[in-house]
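Student: I keep running into labels for structures and I'd like to see what backs each of them up. Can we go through them one by one?

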Amino acid sequence: MEDRHVKAFKEESYDILAELESLLLELEENPKDATLIDRVFGAMHTIKGSGAMFGFDAISDFTHEIETVLDMVRDGILPVTSGLVRLTLSARDKILEMLDSGTQSLDKEARAIVAGFRDLIGNDESEIKEESEEPEPVETTLRITYRILFKPNTDIFTTGTNPLLLLSELKAMGECTIVARTNEIPPLAEYNPEACYVSWEIILTTNCDENAIRDVFIFVEDNCELSIEKIFEHDSGAESEDYKRLGEILLDRGAVTPEALNNVLNKHKFLGERLLESKVISREKIDAALKEQEHVRKVLQKDRDMQVSSLRVDAAKLDSLVDLVGELVTVQARLSQKASGDNDPELQLIAESVERLTEELRDNTMSIRMVPIGTLFSRFRRLVHDLAGELGKEVQIVTDGAATELDKTVIDQLNEPLVHIIRNAIDHGIEQPAERSSFGKPVKGTIHLAAEHAGASVVISISDDGAGLAPEILKAKAVEKGLIAADQELSEDECYSLILRPGFTTSTEVTDVSGRGVGMDVVKRSIDSLRGTIGITSSKGIGTTISLRLPLTLAIIDGLLVSVGQDLFVIPLAVIDECVELSKEESIQSRERSMMTFRGQVHPYVSLRHVLGIGGVAPAIEKVVLVNALGKRTGFSVDKVIGQHQTVIKTLSKVLGNVEGISGATILGDGTVALILDVNQLVKAERSDIQYKAQGAMPRRVEMTA
Amino acid sequence: MTKRIITVEDSTSLREMISFTLSEAGYEVAQAEDGQDALDKLTEFKADLVITDLNMPKMNGIELTSSLRANQMYRFIPIIFLTTESQLQKKQAAKEAGATGWIVKPFKPDQLLQVVRKVLG
C-alpha cells in the first residue's frame, strides 16, 4: 500500500471523526432526526470500509460492531438514547486513538465499548466477529467433467454483462467444449437486437469444484438459468474406461424417452440418424450430445497418454535417429583416427570434444529405446496364478528391479523365453504343497523374478525355491537320449546346461504345461539370437536359478575387429573368451583335424578363411579367437586381431540378409565395411558338416582321415 | 486499446486508491465524487466500465445506474458496485437497476482487478 494513500485515508478519517462528534452532539439534542442518524451511520460505515482497505483491520472490526447497532437505530428497531450517544462518542474517541497508534488489536477499553454496544442489542456473543475470509475455490485432485447449461435472460445485456466473457472464464478452468444453442433466435421481423436469444451448453473437464464454477456466474445468478451437472469423474488410476454411448447420454439428459430410443434402436444405422429420421428429437440436441461424447473421449484419451507422461514417437523415426547416431559414431571414429595421425594439437582437441559429445549423444539416443522390464514382469503374474491353479500348486511371484531398463527390441523378444522358464520352474521345480510341507518348506512356493544391470548387460534371473536339479539324473537322461556318451565326464554346470539341449526332457509324464522337451532349447535359441547367455545354478532341495545375461542394446555392440586376407570382420566381444596364437605346426595340425588343443583341452577349430571361402595363404603364425558358441568353446582362426571396435550394427539388405554366419555389417572409421560374424551359426554350420556327437568325441571326418 | 474506467466514490482516499490500482494495471481512469459528477464527466470521458459506491451525496449509485441504463450511450456498460456485507438489500436494488457486479468492501487491489477483468474481459 502506498504511504500517500494511508496518509490520505488518515486525514479523511480525522475529518469524518470531527464531523461525527458534532453530529452525535446534535443527535443527542434531536434524537428523532432521521437525516442525522443516516449521516452518523454513513460516517461509521465509511471508516469501517476504508479502514480495512488501508490496513486498519482493528478499526474496521471495532466499527463493524457499532455499525450493526446504528443500522438497527436507522431501521427504528433501537431508539436513540443518551446512553447510546455517549457510548458512540467514546467509540469515536477510541477510533481516533487507534488511528494514531495504528494498532492491530483491540485493547481492554475497546472491548468494553464493544461489550456495551452488544448489551444494547442483547447480543451476548463473546467473541468479536471476525471478517470471514472469502473461501478460495477448492481445487480437487479429482478431475470431473461437468455439463453446464447457461441460458441468460434475454435482457442480460442491459446489466452490462457480456456472456462471452463468462464462457472464456470457463475455458480457462480446464478442457472445455462449448455448444451454442441458437434455436430460439426468432425470425428477423421479431428480432430485438438488444436481446440475447442464445444459450450455451458447456462440457467442462476441470479440477475445480462446482462452487468454483458457480462463482463464474456469481453476478448473473438472478439473470439466467444455470444448471451444473457432474457427468463424469476421471479416476486417474483407471486404464481402459470409455465414455457413455450416444443413447445413454441422450437418456441421461432426458432428451429422449427410453421407449422412443428402443423403437429406433431396432433399425440399423447410426443412432443419431435413426433418431432424427424418427423425428423424436432435434438435430441440435443430438449434436450437443455428440459433442459431449467427443469431449469426454478426447479428455480420456489425453489422460491415457498422460499416464506415462511421455511422448509417442513413431518407432521408425527412432530407428532412423539411431541410424544417424550410428553414422555419426562412424564419422567421429574417422575424425579421431585422422586427428591422432596428424600432429595438429588443435585438431586433436576438436576431435576429442566431438568424441565426448558423440558418446553422450549415443548414450542418450540408446536410452530413448530403453523400456523398464517391469512391463514384462507384470504379464507373468497371471501366468503364474493360472499355472499354479492348473497344477494344484501354490505359487507366488516376487519381482525385483522392475525399473531396470532394456532395449525395447530385447524386451519384446524376451517374453517367450521367460514364459518357458517360468512354466518349467512351476511344473518341474516347485513341489506339491504336501511334499513341500513334509520337507519343512513353506507350502507356498516362490518364483523370484529379478533384473539388474551388470556393466553393459542386464542380468535377468528366474529363481524358484523348488526341488532343484539333480546332476546325475540329468546326465542319465542325456545318455538315455543319446545326447552324450555314457562314459563322458561332466561337471555339475555342464550337467545343468544339458537341459538346454534340443530334445532333452526329464519329466516322465508329459503335462499340459511343459515336459514336451521343446521348452529350454527354444529359450536357448532366443537368448542366443539376442546375443545373450544363459547360466544355471541349482541346489538340490533348495531351488534353481536361471540367469539370462543380455546386452543392453542391439544397435551398438562391442566387437573385436579381425582380418582374414584383405577382409575385415567383427566378432561380438560378448562371446569371446580369449585370443591365442598358433605356430605353423599347430595350425596345420588343427586344420587337418578341425580340432585344436589349448591348455590341455581339445576344442573344435574353424578356419574362417576356409569357411568363408577366402583365398590366399594363412600367415605363419595364425591367431585364434576362442569364442563361446552353442555352449562350447570353439576356436576361429584369423590372420590378424586388430583390436576392440565399437560397432554400430547395420542390417544387411534383403538380398544379403539370409547369408549364414553373417549377422550384419558395420562401417569402420576409414569407411571400409566390415562384416559382423554370427559365430553360433558358423559353428552350427560347421557341426552339421562334421556331424560330431558330443564335445570331446572324435569327429567322424577326423576319424576317417586319421 | 486502453480500456477506460470511471471511479465514482465520495471517499477521496478510497477513490484515489482505486484509481491508483487501476492505472497501475494499465487502465485509463477518471474520478467522480458522486453520481451527478459521474454523469457530467461521462459526457466527455467515454468509459468502458463504471465502478461506483452505493451511498453518495447528491446522486447515489443506484440512481446513477438507472440513468446510465436510460442513456443510449451507456445502456450496456458494465457497472460495478462497491458494497459492504451489511448492504444486501441495497445490492438487490442495484441489481434491479442494472448493475453488472459488485465488490465487497474491504477488498484488496488484486480482488478489485479480478472483478474488473471479469466484466471487461
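Tutor: Let's begin with chain B, where residues 24 or more positions apart account for 59% of the contacts with a separation of 6 or more. This is a predicted model, so local features need pLDDT of at least 70 and side-chain atom pairs count only at pLDDT 80 or more, while totals for chains, interfaces and linings use all residues. Residues are numbered from 1 along each chain as its sequence is written, and chains are lettered from A and ligands numbered from 1 in the order in which they are written.

Student: What makes two residues a contact?

Tutor: Their C-beta atoms, placed from the backbone, have to lie within 7 Å. On that test, 27 residues of chain B are in contact with 25 residues of chain A. H1(B) gives the most to chain B's side, with 6 residues. That side divides into 11 nonpolar, 10 polar and 6 charged residues. Here nonpolar covers Ala, Val, Leu, Ile, Met, Phe, Trp, Tyr, Cys and Pro, charged covers Asp, Glu, Lys and Arg, and polar is the others, Gly among them.

Student: What counts as a helix or a strand in chain B?

Tutor: Both are DSSP runs, numbered from the N terminus: H or I over at least four residues for a helix, E over at least two for a strand. Chain B has 5 helices and 5 strands, and from the N terminus on they go β-α-β-α-β-α-β-α-β-α.

Student: Why is Ile484(A) called buried?

Tutor: A residue is buried if 20 or more other C-beta atoms lie within 10 Å of its own, exposed if 12 or fewer, and partly exposed in between. Ile484(A) has 22 within 10 Å, so it is buried. Ile484(A) sits in the loop between helix H18 (471-480) and helix H19 (492-497) of chain A. In chain B, buried residues make up 45% of the 121 residues.

Student: What makes strand E3 of chain A mostly covered?

Tutor: In E3(A), residues 199-208, 7 of the 10 residues are buried.

Student: How do you know that E2(A) and E3(A) pair?

Tutor: Pairing asks for at least two bridges found by DSSP between the strands. E2(A) (174-181) and E3(A) are joined by 8 bridges and run antiparallel, so they pair by that rule. One bridge is between Ala180(A) and its partner Trp200(A) in E3(A).

Student: And why are E14(A) and E15(A) called edge strands?

Tutor: They belong to an open sheet of 5 strands with mixed pairing, in the order E14-E17-E18-E16-E15 (chain A). E14(A) (576-582) and E15(A) (595-598) each pair on one side only, and that makes them edges. E14(A) pairs with E17(A) (622-629) in the antiparallel sense over 6 bridges.

Student: How do you know that H1(A) has the span expected of a helix?

Tutor: The expected span is 1.5 Å times one less than the number of residues. With 27 residues (3-29), H1(A) reaches 40 Å from its first C-alpha to its last, close to the expected 39 Å.

Student: Last one: what makes a set of residues a nonpolar core?

Tutor: The members are buried Ala, Val, Leu, Ile, Met, Phe, Trp, Tyr and Cys residues joined through C-beta atoms within 7 Å. The largest core has 65 residues, and Val40(A) and Ile6(B) are among those that touch the most other members. H2(A) gives the most to this core, with 8 residues. Apart from it lies another core, of 38 residues, including Ala425(A) and Leu474(A).
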